[in-house]
Amino acid sequence: MKRKITVSVAVLGILLALGLGFSVSANKSEMAPNMPGMDHSTPNENHAEGDRPLAATLGVFGLASSIVFSSAFFLKRKDIKIKELKQRGRNERATTL
Amino acid sequence: MNTIQDAGGVTDESNESKGLDLLKFPAVKAVMKSKYFPKVFQIPVAAVFGLIGYELLAGPSSAHENPGTALMWVLWWPLIPILFLFVGRFWCAICPFATLSDFVQKLVGVNRPVPAFLKKYGIWIIDASFIAITWADHVFGIVSSPWGSGILLLLITFAVIVSGAFFQRRTFCRYLCFLGGLSGNYARTGMIALRANTDICQTCEAKAACFNGTEKAPACPLFMFPRTMDSNANCTLCANCIKNCPNDAITLTLRPPTKELWFIKTPKIEESFLAMAIMGIVLIQNVTMLEIWEQILTTVEKFTGITNTAIIFTVVFALGVTLPVSFLTLSAKIAATKNDENWIKNFARFGYALIPLDIAGHVAHNLFHLLAEGKSIYYSVASIFGSNAIGPTALVGNDTIRILQFIILALGLWGSLYTVRRITIRRYRAPNIRRATSRPYVVLIGSLTALNVGLFLLPMAHRM
């Protein structure tokens, strides 16, 4: 169980980091004059709103969060079922004794 | 034997928790016990951060015009270390990410226990992520780009969602938050200390209600047990334990700033390392904001032939972070020849003494942004409501800012030197051992202060 959580979190993290990383590098030219830029030229020009992959970024974020929510939801349900089964077993043992 | 044991002949350690108990005041007690505390702060802070996030991602793409950038980096970031000094980690109690974590937990929380590796290496992960984020800020221009800041917020939000969905309480805040690590270190200097009256706790039959929570309030979010707590590092002053304690054993005492640093029972090398790394980061932050930074880049380019600024910055950054750590190592090695402890113990013990100077450097640096660019907060926030107000951004003149910066540095210097003195008095009996041990640290603190003064004398560039 622990390994499943770790692997799913790691995969989601990598996906999110990749998606968002692309978004950051697409906007790298927005550095302040005093900040070091990759090509040493650091224009601080205004970009049009369309330059930012807002929809894609929020999409990746939303998708990743939904996967986390649903995995947690199913895990929780499984935990509750296991708890119920254990309790039922205990009750049955108590009645047979 | 020159050293004395922590639990042994120490005279003033037992006084650590004594002081004016604020919970003796009915008004303070009523506030802390109220079910609306700290919710009354959490909701507006979460709303403001929601606005900041929206503006960063969807607002003007120029930092100069973006209210999110102004609110986050010119107002919130400079105020944070000042808050730590006065009210410890209270920010963490009202932090929007903590609120989100609680919300996710209520919704789908699986409540798995904190993984062992996080408990063991959490602070190193915090150290590494703090260094990595600062590096990324410079290379990718996160602070100066609203979009970059927005992405950072999204990444943190995602990490908080994962932590809240799968793990108990506020695992992220305790073991992973880079700001939590910083605040844990800084909060040790805080003037308010929450502790438990152990005499009352010994007779308690409430089965650790303060730790486990009751129907009155949830469990301690940062997994602390007030009965054994001797540090502010992991207390957010959320008041859950105050509400849950059936015996009113919790005290909320006022104490002089930095006092906790004099009595660290089990110094940890990773916390001392973080203190030194922060010192390096603040120095680098200062250097890159100086107008001479461009000249430095050109000079390095000329000598090495490397034109890639990211590579040059990475080298300078690595040097900047490593230097204070190396200097403390050197001081610890010299001190170790004068007392009975090895250099690692010396490093861990005296690294905490640098925290007051750390905060002073941090506050002094950010004071420039707050006071020289403060009006930009008004202009950019007013722009949300359609105002076209524009004008100079400074709240006060540069000379005033510089004087304030030097006053703050002087206080930090005094705090660090005094902490070294108190640690040596507490730790070593013989006066000659005390003097010999403190000498290398005094030289280190003096040198780092001089370096800070030198940097603050040079003209600095604006964030907005």
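Me: Which residues lie nearest the centre of the second largest cavity, and how many line it?

Reply: In this predicted model, 17 residues line that cavity. Leu194(B), Cys220(B), Cys235(B), Cys238(B) and Cys241(B) lie nearest its centre.

Me: What makes a residue part of that lining?

Reply: A lining residue has an atom within 4 Å of a cavity point. The second largest cavity has 17 residues in its lining.

Me: How much space lies in the second largest cavity, and how does its lining divide by class?

Reply: The space is about 130 Å³. The lining has 14 nonpolar, 3 polar and no charged residues. Cysteine counts as nonpolar, so Cys220(B), Cys235(B), Cys238(B) and Cys241(B) fall in that class.

Me: How many cavities of 30 Å³ or more does the count come to?

Reply: The count comes to 3. The largest has a volume of about 530 Å³.

Me: What lines the largest cavity?

Reply: Its lining holds 35 residues. Trp73(B), Trp77(B), Phe130(B), Phe178(B) and Leu179(B) lie nearest the centre. By class, the lining divides into 26 nonpolar, 6 polar and 3 charged residues. Trp, Phe and Leu count as nonpolar, so the five residues named belong to that class.

Me: Why is helix 9 of chain B called mostly covered?

Reply: Helix 9 runs over residues 178–187, and 10 of its 10 residues are buried. Buried means under 20% relative accessible area. Among the buried residues of helix 9 are Phe178(B) and Leu179(B). Phe178(B) and Leu179(B) are also among those nearest the centre of the largest cavity.

Me: How many disulfides does the structure hold?

Reply: It holds 0 over all chains. Take Cys95(B): the nearest cysteine sulfur, that of Cys173(B), is 6.3 Å away. A disulfide needs the two sulfurs within 2.5 Å, so Cys95(B) is in no disulfide. Cys238(B) gives another case: the nearest cysteine sulfur, that of Cys220(B), is 6.0 Å away. The 2.5 Å cut-off applies again, so Cys238(B) is in no disulfide either.

Me: Why are Cys95(B) and Cys238(B) called buried?

Reply: The relative accessible area is 12% for Cys95(B) and 10% for Cys238(B). The limit for buried is under 20%, so Cys95(B) and Cys238(B) count as buried.

Me: How do you know that Ser163(B) is buried?

Reply: Its relative accessible area is 4%. That is under 20%, so Ser163(B) is buried. The residue lies in helix 7 (residues 146–166) of chain B. Leaving aside neighbours within four places in sequence, Ser163(B) is in contact with Thr171(B) and Phe172(B).

Me: What makes Ile401(B) buried, and which residues does Ile401(B) touch?

Reply: The relative accessible area is 1%. The cut-off is under 20%, so Ile401(B) is buried. Ile401(B) sits in helix 19 (residues 398–427) of chain B. Not counting residues up to four places away in sequence, Ile401(B) touches Phe368(B), Leu371(B), Ala372(B) and Val396(B). Touching here means heavy atoms within 4.5 Å.

Me: How far apart are Ile401(B) and Ser387(B)?

Reply: They are 14 residues apart in sequence. In space, C-alpha to C-alpha, the distance is 28 Å.

Me: Why are Ala208(B) and Asp248(B) called partly exposed?

Reply: Ala208(B) has a relative accessibility of 25%. Asp248(B) has 40%. Buried ends at 20% and exposed begins over 50%, so Ala208(B) and Asp248(B) fall in between.

Me: What is phi in Ala208(B) and in Asp248(B), and where do they lie?

Reply: Phi of Ala208(B) is near 50°, a positive value in a residue other than glycine. Asp248(B) also has phi near 50°. Ala208(B) is in the loop between helix 10 (198–202) and helix 11 (209–212) of chain B. Asp248(B) is in the loop between helix 12 (240–244) and strand 2 (250–254) of chain B.

Me: Why is the peptide bond from Phe37(B) to Pro38(B) called cis?

Reply: Its omega is near 0°. Pro38(B) lies in the loop between helix 1 (26–33) and helix 2 (39–58) of chain B.

Me: What is there in chain A, and how much of chain A is buried?

Reply: Chain A has 2 helices and 0 strands. Buried residues make up 25% of its 97 residues. The accessible surface of chain A comes to about 6300 Å², with 67% belonging to carbon and sulfur atoms.

Terms used:
Residues are numbered from 1 along each chain as its sequence is written. Chains are lettered from A and ligands numbered from 1 in the order in which they are written. This is a predicted model: local features need pLDDT of at least 70, side-chain atom pairs count only at pLDDT 80 or more; totals for chains, interfaces and linings use all residues. Side-chain values use heavy atoms; hydrogens and water are left out. On a 1 Å grid over the protein atoms alone, a cavity is a set of points where a 1.4 Å probe fits but cannot get out, and a pocket is an open set with protein on both sides within 12 Å along at least five of seven lines; lining residues have an atom within 4 Å of a point. Grid points are joined across faces, edges and corners, and a volume is the space filled by probe spheres set on the points. Buried means under 20% relative accessible area, exposed over 50%, partly exposed in between (1.4 Å probe, protein chains only). Helices (H or I, at least four residues) and strands (E, at least two) are DSSP runs, numbered from the N terminus. Accessible areas come from the Shrake-Rupley method with a 1.4 Å probe; for residues, only the protein chains shown count as cover.
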